[in-house]
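Welcome! Take a moment to look over the sequence and the model, and then let us walk through one strand and its surroundings together.

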Amino acid sequence: MSKYAGVRTLILLRHGQTEWNASDRMQGQIDTDLTDLGRRQAKEAARELVSRNAIAIVSSDLKRAYDTALALGDHTTVPVVRDPRLRETHLGDWEGLTHLEVDADYPGARVAWRLDATYRPPNGESKLEVGARALPVVQELFSERQDWPGRTIILVAHGGLIAALTAALLDLPPQNWPILGGLANTSWVQLSSHGPGIEQPGWRLDVWNAAAKVAPDVL
């Protein structure tokens, strides 16, 4: 338990590896499965995070995140709750394409997308829209979970969503959202709320892109 009795700890865990991750293919909201390595990564992250004594685990409903969350749930008595608002960024016409294919069909677009939080892939959503979609999940937990102060809640989701939600929680100006870089599979972000209430949550970024130490023989 935190030495600050009122501090709420929030961990945002990215899912394990998928075949599409391994081949640099844009997943977005396409429902892909974990690889064998991804499942091992999920178990290793679970062993690391079980010590946080989470009081709630909320997951994207996409399989790669939900299966990662279940690995964590298997090490605790906490049920996994699915919430579609934690789905990855909808990438529109880019979904299913490799990075090289997107660069060939839309020259310069991926660079613009990384650097501009308002940029929207064709028929997709912007990072600002993703953050706005996910932020109410945390606000509702803040309001409803009276047992959260001094404890931890874990959200299991996707790299793009985690970056957008973190930026939204920290209330970063849109031009500063790109300072939050990518996350490795089953890496996590930790934030803590030191504020008095939902109107002044006082979120701070404690950890970015942390990972469990996976022994070589596990990989």
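In this predicted model, Ser192 stands opposite Arg204 in strand S6. Ser192 belongs to strand S5 (residues 188-193); strands are DSSP E runs of at least two residues and helices H or I runs of at least four, numbered from the N terminus. Two strands pair if DSSP finds at least two bridges between them, and here are the partners of S5:

| Partner of S5 | Bridges and sense | Facing residues |
|---|---|---|
| S1 (residues 8-14) | 6 bridges, antiparallel | Leu12 and Val189 |
| S6 (residues 203-210) | 5 bridges, antiparallel | Ser192 and Arg204 |

Is S5 enclosed or open? 6 of its 6 residues are buried, so S5 is largely enclosed by the rest of the structure. Buried means under 20% relative accessible area, with a 1.4 Å probe and protein chains only. In a regular strand the side chains alternate between the two faces of the sheet. Trp188, Gln190 and Ser192 point one way from S5, while Val189, Leu191 and Ser193 point the other way.

Stepping back, the chain holds 7 helices and 6 strands. Its radius of gyration is 17 Å, close to the 17 Å of the globule rule for 219 residues, so the chain is as compact as a globular protein of that length. That radius is taken over C-alpha atoms, and the rule is 2.2 Å times the number of residues to the power 0.38. Buried residues make up 50% of the 219 residues.

Residues are numbered from 1 along each chain as its sequence is written, and side-chain values use heavy atoms, leaving out hydrogens and water. Local features need pLDDT of at least 70 and side-chain atom pairs count only at pLDDT 80 or more, while totals for chains, interfaces and linings use all residues.
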